[in-house]
Amino acid sequence: MDKSNIFVTSHPRIGPVLASEMSALGYKVEKIENMGVYATGSFTDAIRMNLYLRSANRVLFRLIQFNADNPEDLYKNSKNFEWENVLSPQGYFSVQSSVRNTTIKDNRFANLRLKDAIVDRMKEKTGARPNSGPLYDASVIFLYWHDDDVIIYYDTSGETISRRGYRKNPFKAPMNESLAAAILIRTGWDGTEPFVNPMCGSGTAAIEAAMISMNKPPGLQRENFSFMHHRQFNSRIYRMLRNQAIVNTYSKPKAKIIASDINPLAIKAAKENAKAAGVARHITFKVCDFSRTEIPGHKGVVFLNPEYGKRLGEEENLKIIYAAIGDFFKKSCSGYKGYVFSGNPDLAKSIGLKTSRRTEFYNGKIDCRLLEFDLYKGSLREA
Ligand SMILES: C[S@@+](CC[C@H](N)C(=O)[O-])C[C@H]1O[C@@H](n2cnc3c(N)ncnc32)[C@H](O)[C@@H]1O
């Protein structure tokens, strides 16, 4: 298959982190947006991105591009495309979209016109038609239609890349896997120094850290991607890419990874998830108050994602916890880089230490900050 435009989507604010990942994988990033990056590549490149990218959501491979003023234009132009080379008549597909066109009041109508064009073309050329519906587990076609610009992509991921397949027990409010990976990449942690994750909850950050430190691609664990349902999918090439990734994965992390939580049920969940990710024996788990978590050596990253306090009355208690995080950083984490991920700026002030950097993220719809603290001795004395 020829090279085409590839749009890799992400959560808002993750575009720059994703761009750094794409460059490290050897792809030239042509444009960075808040919610993704553009590049050029082959279908095999798109498969590789699905296997390797940690902070992405979906990899969209461009099929066709044209101008359409109204739904009839959309139908006609889409029907001219050779869908019989993309979809199997016995297969299944769904249509997703982002539409901003004055003739369309409801995206579902645009999706339906595109679906009709695909089905009519398939019937004419093959005498049969694939089934269609809302599921993401087979072929997914993505329609971008803003003003009169139409781009139709094959969504090679289907389910978002953040669904690595290891989350067996979500415990409470787990962090999205791609967000956790983006945070880790943003810290600049190189995977060789210790990574300590008190308040680990279901273990997302520690699991992502273990995979980074082992050079283990996050997509290795997953059994189904939308690219597998493309008519031109070559399973031999996919097996080759997977084998290459397996060969390049270290048998254990290069760094010590520690995860702790005060709640035994959180540690139980974290262990189950780590086991499903194939990294359980590479993480040291402990049930304890965050302040009693082991901090090995004199250099590394310590990362906490405390609760933000949404209900009335919770905030006062949490202020005490945030202040204690500041004390923990001062007393026990000298030489480390400390990070707190929080959606509550007032609480973050209670930490009482000067931040060396703040990065904006969203956790779902919550405006969040990743606060960085340089915990070397001199800076702590000043604070
Ligand atoms: C927002 S959750 C972390 C979610 C986690 N990032 C994930 O992906 O699942 C906060 C965690 O802090 C833990 N926690 C609260 N107070 C604690 C304390 N004093 N010491 C250790 N852990 C604590 C809770 O049990 C909870 O699991």
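The paragraphs below lead through this predicted model from its domains to its core, its helix pairs and a few single residues.

The protein is divided into two domains, of which domain 1 covers residues 4-155, while domain 2 is made of two stretches, 177-215 and 251-382. The C-alpha centres of the two domains lie 36 Å apart, and where the domains meet, 11 residues of domain 1 are in contact with 10 residues of domain 2.

From the domains we can turn to the interior. The largest nonpolar core has 105 residues, and those with the most contacts inside it are V8, I141, A206, A210 and I257. Helix α6, which runs over residues 204-213, gives the most to this core, with 7 residues. The core draws at least three residues from domain 1 and at least three from domain 2. A206 can serve as an example of how a core residue is surrounded: leaving aside residues up to four places away in sequence, A206 touches N197, C200, I257, A259, A270 and I283.

The next step is to see how helices pack. Two packed helices are described by the angle between their axes and the distance between the axes. Helix α5 and helix α6 pack at an angle of about 60°, with their axes 9 Å apart, which means that α5 is oblique to α6. The crossing of these two helices is right-handed, and the contact is made by E177, A180, A181 and L184 on the side of α5 and by T204, A205, E208, A209 and I212 on the side of α6. The spacing of such residues is easier to read with one general point in mind: an α-helix has 3.6 residues a turn, so residues three or four places apart point the same way.

A second pair is formed by helix α2, residues 43-52, and helix α7, residues 235-247, which pack at an angle of about 40° with their axes 11 Å apart. This angle makes α2 oblique to α7, and α2 passes α7 in a right-handed crossing. In this pair, T44, I47, R48 and L51 of α2 meet I237, Y238, L241 and A245 of α7.

Is α2 largely enclosed or exposed? Because 7 of its 10 residues are buried, α2 is largely enclosed by the rest of the structure. The buried residues of this helix are F43, D45, A46, I47, R48, M49 and N50, and they pack against the strands β1 (4-9), β3 (36-41) and β4 (58-67) as well as against α7.

Finally, a few single residues deserve a look. R186 has its place in helix α5, residues 177-187, and R186 counts as partly exposed because it has 19 C-beta neighbours inside 10 Å, whereas a residue is called buried when 20 or more lie within that distance. Apart from residues up to four places away in sequence, R186 touches V17, T359 and L370. R186 and A269 are 83 residues apart along the chain, and their C-alpha atoms are separated by 26 Å.

Two loop residues have a positive phi although neither is a glycine. F171, found in the loop between β8 (149-155) and α5, has a phi of about 50°, and F171 counts as buried because it has 21 C-beta neighbours inside 10 Å. M199 lies in the loop between β9 (195-197) and α6, where its phi is near 60°, and M199 is buried too, with 22 other C-beta atoms within 10 Å.

Methods: Residues numbered from 1 in each chain as written. Predicted model: local features only at pLDDT ≥ 70, side-chain atom pairs only at ≥ 80, totals over all residues. Core = buried A, V, L, I, M, F, W, Y, C linked by C-beta atoms within 7 Å. Buried ≥ 20, exposed ≤ 12 C-beta atoms within 10 Å, placed from the backbone. Helix = DSSP H or I, 4+ residues; strand = E, 2+ residues; numbered from the N terminus. Domains from an automatic or database assignment. Contact = placed C-beta atoms within 7 Å. Axes fitted to C-alpha atoms, helices over the stretch in contact; angles between N-to-C directions. Parallel < 35°, antiparallel > 145°, perpendicular 65-115°, else oblique. Left-handed = near helix turned anticlockwise from the far one by under 90°.
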